[in-house]
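The following exercises concern the open and enclosed spaces of a protein and the ligand that it holds. Please work through each task before reading its solution.

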Amino acid sequence: MGRVRSNKYEKFRTRMIEEQLLPRGIEDPAVLHAMEVVPRHLFVAGALHAQAYGDFPLPIGHGQTISQPYVVALMTQLLQLTGKEKVLEIGTGCGYQSAILAALCERVYTVERLKPLLARARRTFDQLQIYNIMSKVADGTEGWPDNAPFDAIIVTAAGPQIPQPLVDQLADPGVMVLPVGDQEGQTLMVVRKEAGVVTTNAVESVCFVKLVGIHGWKAA
Ligand code: SAH
């Protein structure tokens, strides 16, 4: 029974890769492999399992959403991870993006401002026996100074600007991927630090929930 069910989700994942990721330029074999093995459905409520591999975001409670598979894959691919990095993630949410990162780097440090979401994400990491994710409840716009610098930083909520503490906590060389903008429009940005120089590039239009914090939007 369990086996039949897991085969069903494996098929969903294969189809997700063939229909949503490959045609849109996701080609990093390690990223594709992570997307193929991490069971996305286990990060959302049971009633949403059948939709977990669809080409859209899904609600994860508390007004937050898990990004669509393509956006998770794109942001991950932009980090160009080799397996050795220390990665900071802001906005743990359900923990799906964290689990993808955990498969591709040495250690993930993830920060979430909403305690119940992090509690649930941690249970899922335990269930999947993922042990290289460190997490805490805090305002991630301030980064995680005690563990800086980070080889890569990913922010999965959109603020009005690039939070300066995150630029400061980026290693040299280092790369950060984050959406910037408001409800009207947001742009996915890639920030690189190399030989002391910080450069910023826009990648594409995206739609994320709000980054709420000292260096983000004010809480409503
Ligand atoms: N990567 C997540 C996406 C979650 S949505 C996933 O795979 O599910 C973005 C998350 O960012 C939400 O859970 C929201 O609560 C969180 N968030 C917003 N502002 C934040 C901040 N300043 N610090 C930490 N988390 C924040």
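In these exercises Ala, Val, Leu, Ile, Met, Phe, Trp, Tyr, Cys and Pro count as nonpolar, Asp, Glu, Lys and Arg count as charged, and the others, Gly among them, count as polar. The model under study is predicted.

**Exercise 1. The cavity**

Task: Determine which residues line the largest cavity, and how they divide into nonpolar, polar and charged.

Solution.
Step 1. A search of the whole structure for cavities of 30 Å³ or more yields 1. The space in the largest cavity is about 30 Å³.
Step 2. Its lining is made up of Asp 28, Ala 30, Val 31, Thr 76, Gln 77, Gln 80, Leu 81 and Leu 104.
Step 3. At least two lining residues come from helix H2 (29–37), and at least two from H3.
Step 4. Sorting the lining by class gives 4 nonpolar, 3 polar and 1 charged.

**Exercise 2. The largest pocket**

Task: Describe the lining of the largest pocket and state which element supplies its largest share.

Solution.
Step 1. The largest pocket holds about 580 Å³ of space.
Step 2. Its lining comprises 37 residues, and those nearest the centre are Gln 64, Thr 65, Thr 156, Ala 157 and Val 209.
Step 3. The elements that each supply at least two lining residues are strand E2 (64–66), helix H3 (69–79), strand E3 (86–90), helix H4 (96–102) and strand E4 (107–112).
Step 4. The largest share, 3 residues, belongs to E2.
Step 5. By class, the lining holds 19 nonpolar, 13 polar and 5 charged residues.

**Exercise 3. The ligand**

Task: Establish which space the ligand takes, and which residues make polar contacts with its nitrogen atoms.

Solution.
Step 1. The ligand takes the space of the largest pocket.
Step 2. Strands E2, E3 and E4 and helix H4 each give two or more residues to the shell around the ligand. E2 provides the largest share of this shell, 3 residues.
Step 3. The shell contains 26 residues, the closest being Thr 65, Glu 112, Asp 139, Gly 140 and Val 212. These shell residues fall into 12 nonpolar, 9 polar and 5 charged.
Step 4. A polar contact requires N or O atoms within 3.5 Å of each other. A polar backbone atom of Gly 91 lies 3.2 Å from a ligand nitrogen, and a backbone N or O atom of Arg 113 is 3.2 Å from a ligand nitrogen. For Thr 156, a polar side-chain atom is 3.1 Å from a nitrogen atom of the ligand.
Step 5. On its own the ligand has 580 Å² of accessible area, of which the protein covers 99%.

Notes:
Residues are numbered from 1 along each chain as its sequence is written. This is a predicted model: local features need pLDDT of at least 70, side-chain atom pairs count only at pLDDT 80 or more; totals for chains, interfaces and linings use all residues. Side-chain values use heavy atoms; hydrogens and water are left out. On a 1 Å grid over the protein atoms alone, a cavity is a set of points where a 1.4 Å probe fits but cannot get out, and a pocket is an open set with protein on both sides within 12 Å along at least five of seven lines; lining residues have an atom within 4 Å of a point. Grid points are joined across faces, edges and corners, and a volume is the space filled by probe spheres set on the points. Helices (H or I, at least four residues) and strands (E, at least two) are DSSP runs, numbered from the N terminus. A residue is near a molecule or strand if one of its heavy atoms lies within 4 Å of it. A polar contact is a pair of N or O atoms within 3.5 Å; within protein, one must be able to donate a hydrogen and the other to accept it, and residues adjacent in sequence count only if both atoms are side-chain atoms. Accessible areas come from the Shrake-Rupley method with a 1.4 Å probe; for residues, only the protein chains shown count as cover. A molecule sits in a cavity or pocket if more than half of its atoms lie within 2 Å of its grid points.
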